[in-house]
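Here's a quick walk through this one. Have the sequence and the structure open while you read.

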Amino acid sequence: MLGAHIDSWDLGTGAIDDGAGVGIVMTASKLILDLPERPKRTIRVVLFGAEEIGIYGGNFYVENNRNELARHIIAVEADAGQGPVHTIDIGVGNPLEPTLSTIRSALSKLGVQPGRAKSRGGPDIVPMSNAGVPIVGLDMFTDDYFDLHHTANDTIDKIEPERINQSAAAYVTFAYLASELGGYYRATD
Ligand SMILES: [Zn+2]
């Protein structure tokens with residue numbers, strides 16, 4: 001699953017928080033959709049509502065998909081601006097799953113470094129993480145994020161194509177490989 005949230009605060013237009021995340025996951029999914037063949041597993045894109053006022057969309061998703069959660073392979077959310085992505089954190093039950101090293105090495109070509117063996121993802125997928133869904137965090141450069149989000153400066157002119165394109169490349173790399181390689185990321189015992 002690729003997630004982002006579609007609401008924003010009133011002051012700006014929400015280009016950075018979270019229009020950038022919406023653009024990143026929509027671009028990643030469109031690139032996969034345009035391939036001659038689909039990867040093995042379904043890639044679900046969720047644009048969550050009402051994140052800013054209390055993660056209502058993320059909680060609603062879990063409440064309304066309880067019976068399906070066991071079939072969710074892995075989830076990631078883009079909700080930290082436009083990037084670039086610098087680190088991959090792994091919040092999974094089985095960190096030795098071999099496909100993770102393939103994913104890490106593909107991402108390293110985009111300058112994405114291996115990070116912590118821990119992630120709960122973006123805010124909208126924390127409820128999923130709490131319900132046992134494996135999570136990856138594609139951590140982004142955020143030095144200018146907190147000057148922009150939730151302010152009147154959160155506007156489209158702040159988007160830098162080179163940065164957001166690298167992020168979309170990182171998300172599509174992760175999504176495609178997690179789908180196509182068929183890894184299983186939950187603890188097996
Ligand atoms: Zn946000």
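## Ile 164 and its surroundings

Ile 164 counts as buried because its relative accessibility is 15%, below the 20% cut-off for that label. Keep in mind that this is a predicted model. You'll find Ile 164 in helix 6, which spans residues 161-180.

Which residues does Ile 164 touch, once its neighbours within four places in sequence are left aside? The contacts are Ala 20, Ile 24, Gln 82 and Ile 159. Two of those names, Ala 20 and Ile 24, fall in the stretch of helix 1, residues 15-33. Pro 114 is another story: it sits 50 residues from Ile 164 along the chain, and the two C-alpha atoms are separated by 20 Å.

## The sheet under helix 6

Helix 6 lies across strand 4 and strand 6, and it runs at about 165° to strand 6. Those strands belong to an open sheet of three strands, with the order 5-4-6 and mixed pairing. Its edges are strand 5 (113-114) and strand 6 (135-140), each of which pairs on one side only.

How do strand 4 and strand 6 pair, in the parallel or the antiparallel sense? The pairing is antiparallel, and it takes in six bridges, with strand 4 covering residues 85-91. For a concrete spot to look at, try Thr 87, whose bridge partner in strand 6 is Asp 139.

Helix 6 has company on this sheet. Helix 3 (residues 99-108) lies across strand 4, strand 5 and strand 6. Its direction is about 170° to that of strand 4.

## The parallel sheet

There's a second open sheet of three strands, this one with the order 2-1-3 and parallel pairing. Here the edge strands are strand 2 and strand 3 (76-77), and each pairs on one side only. Strand 1 and strand 2 run parallel and are joined by four bridges. If you want to check the register, Leu 2 stands opposite Val 45 in strand 2, and Gly 3 stands opposite Val 46.

Strand 2 (residues 45-48) also shows a neat alternation of side chains. Val 46 and Phe 48 point to one face and are buried, while Val 45 and Leu 47 point to the other face and are not buried.

How is strand 1 connected to strand 2? Together with helix 1 they make a β-α-β unit, and the unit is right-handed. Helix 1 itself lies across strand 1 and strand 2, at about 155° to strand 1.

## The zinc site

Now for the metal. Which protein residues supply the donors of the zinc ion? They are His 5 through NE2, Asp 17 through OD, and Asp 79, which is listed twice through OD. The donors lie 2.0 to 2.8 Å from the zinc ion. Along the chain, the donors follow the spacing H-x11-D-x61-D.

His 5 is in strand 1 (residues 2-5) and Asp 17 is in helix 1, 12 residues apart, and this pair links distant parts of the chain. Are they buried or exposed? Both His 5 and Asp 17 are buried.

As for geometry, the site of the zinc ion is irregular, with angles of 51 to 149° among its four donor atoms.

Key:
Residues numbered from 1 in each chain as written. Predicted model: local features only at pLDDT ≥ 70, side-chain atom pairs only at ≥ 80, totals over all residues. Heavy atoms only, no water. Donors = N, O, S within 2.8 Å, 3.2 Å for Na, K, Ca; no water. Tetrahedral: all angles 85-135°; square planar, octahedral: opposite > 155°, others 65-115°. Helix = DSSP H or I, 4+ residues; strand = E, 2+ residues; numbered from the N terminus. Buried < 20%, exposed > 50% of the residue type's maximum accessible area, 1.4 Å probe, protein only. Pairing = 2+ DSSP bridges. Contact = heavy atoms within 4.5 Å. Axes fitted to C-alpha atoms, helices over the stretch in contact; angles between N-to-C directions. Right-handed = clockwise from strand over helix to strand, strands pointing away.
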